[in-house]
Amino acid sequence: MGAMPKPAAPKYRTTNWPEYNAALKRRGSLEIWFDPQMHWLSKPCGRPGRPMRFSDSAIELCLTLKSLFNLPLRQVTGLVASLIKLAGLDWPVPDYTTLCRRQKTLVVELGGRPSSGGLRLLVDSTGIKMTGEGEWKTRKHGASYRRQWRKPVLS
C-alpha cells in the first residue's frame with residue numbers, strides 16, 4: 001500500500017502590480033491626529049506633594065508609541081516632540097524619567113495592529129484609540145492579555 005501523494009501547493013501570482021504596490025505602501029502609512037482641546041497637562045488633584053505635570057492620556061500616548069515601534073524611552077520623547085511640532089501644537093513633552101516613573105502604574109494595552117491599511121491613532125480628550133482591522137492572530141485566536149485595549153478612566 002503506497003502513500004497518497006500530497007496535493008501540489010497553489011502558486012500565487014501577482015497580476016495587478018499597481019494595486020499590489022499601493023497596498024504595500026498603505027501598510028507603512030501612519031496618521032496621528034491630535035485634538036487641540038485634549039487635556040495634555042494634568043489637572044490639580046488636591047493631594048499633598050508635587051502634582052503630576054502630564055495627564056494619563058499624554059503618558060499613555062507616549063507609552064503606546066513606545067510599544068508600537070519598540071523604542072527606548074529617550075527615542076519616544078523625540079518622536080512625540082516631532083509629532084507635536086508637526087501638528088503645530090506648543091505642548092511640552094514628558095522627559096524619559098517621567099515616562100519611566102509613570103509606566104510603572106499606567107497600563108497600556110494595545111489592540112491588534114491593522115494589516116490591510118495604515119495605522120490610525122486618534123488622540124482626543126478621552127484617550128487613545130487605535131482603529132483598523134486586527135492582526136490575523138487576533139482574529140483567529142483572540143487578543144492576548146498584554147495587547148487588549150484598555151480605555152483610561154478620566155475623572
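Where is the place of Asn70? These legends take that residue as the starting point for a short tour of a predicted model.

**View 1. Asn70, a residue with a positive phi in a loop.** Here we look at the loop between H2 and helix H3 (73–86), which is the place of Asn70. Although Asn70 is not a glycine, its phi is positive, at about 55°. The residue is also exposed, with a relative accessible area of 69%, and the cut-off for that word is over 50%.

**View 2. A salt bridge between Asp56 and Arg102.** Staying with H2, we now turn to charged side chains. The structure holds one salt bridge, and its partners are the side chains of Asp56 and Arg102, with 2.5 Å from N to O. Asp56 belongs to helix H2 (residues 56–69) and Arg102 to helix H4 (residues 96–102), so the pair ties together parts that are 46 residues apart in sequence. Take a look at the surroundings of each partner as well: Asp56 is partly exposed, its relative accessible area being 29%, whereas Arg102 counts as buried at 8% relative accessibility.

**View 3. A nonpolar surface patch made by Trp17, Tyr20 and Leu24.** Our last stop is on the surface. Trp17, Tyr20 and Leu24 make a nonpolar patch of about 310 Å² there. One of these residues, Leu24, can be found in helix H1 (residues 17–27). With a relative accessibility of 37%, Leu24 counts as partly exposed; patches are made of residues with over 30% relative accessible area, so Leu24 passes that cut-off.

Terms used
Residues numbered from 1 in each chain as written. Predicted model: local features only at pLDDT ≥ 70, side-chain atom pairs only at ≥ 80, totals over all residues. Heavy atoms only, no water. Patch = residues over 30% accessible without salt bridge, like charges linked within 9 Å, V, L, I, M, F, W, Y side chains within 5 Å. Areas by Shrake-Rupley, 256 points an atom, 1.4 Å probe, with all protein chains shown as cover. Salt bridge = Lys/Arg side-chain N within 4 Å of Asp/Glu carboxyl O. Helix = DSSP H or I, 4+ residues; strand = E, 2+ residues; numbered from the N terminus. Buried < 20%, exposed > 50% of the residue type's maximum accessible area, 1.4 Å probe, protein only.
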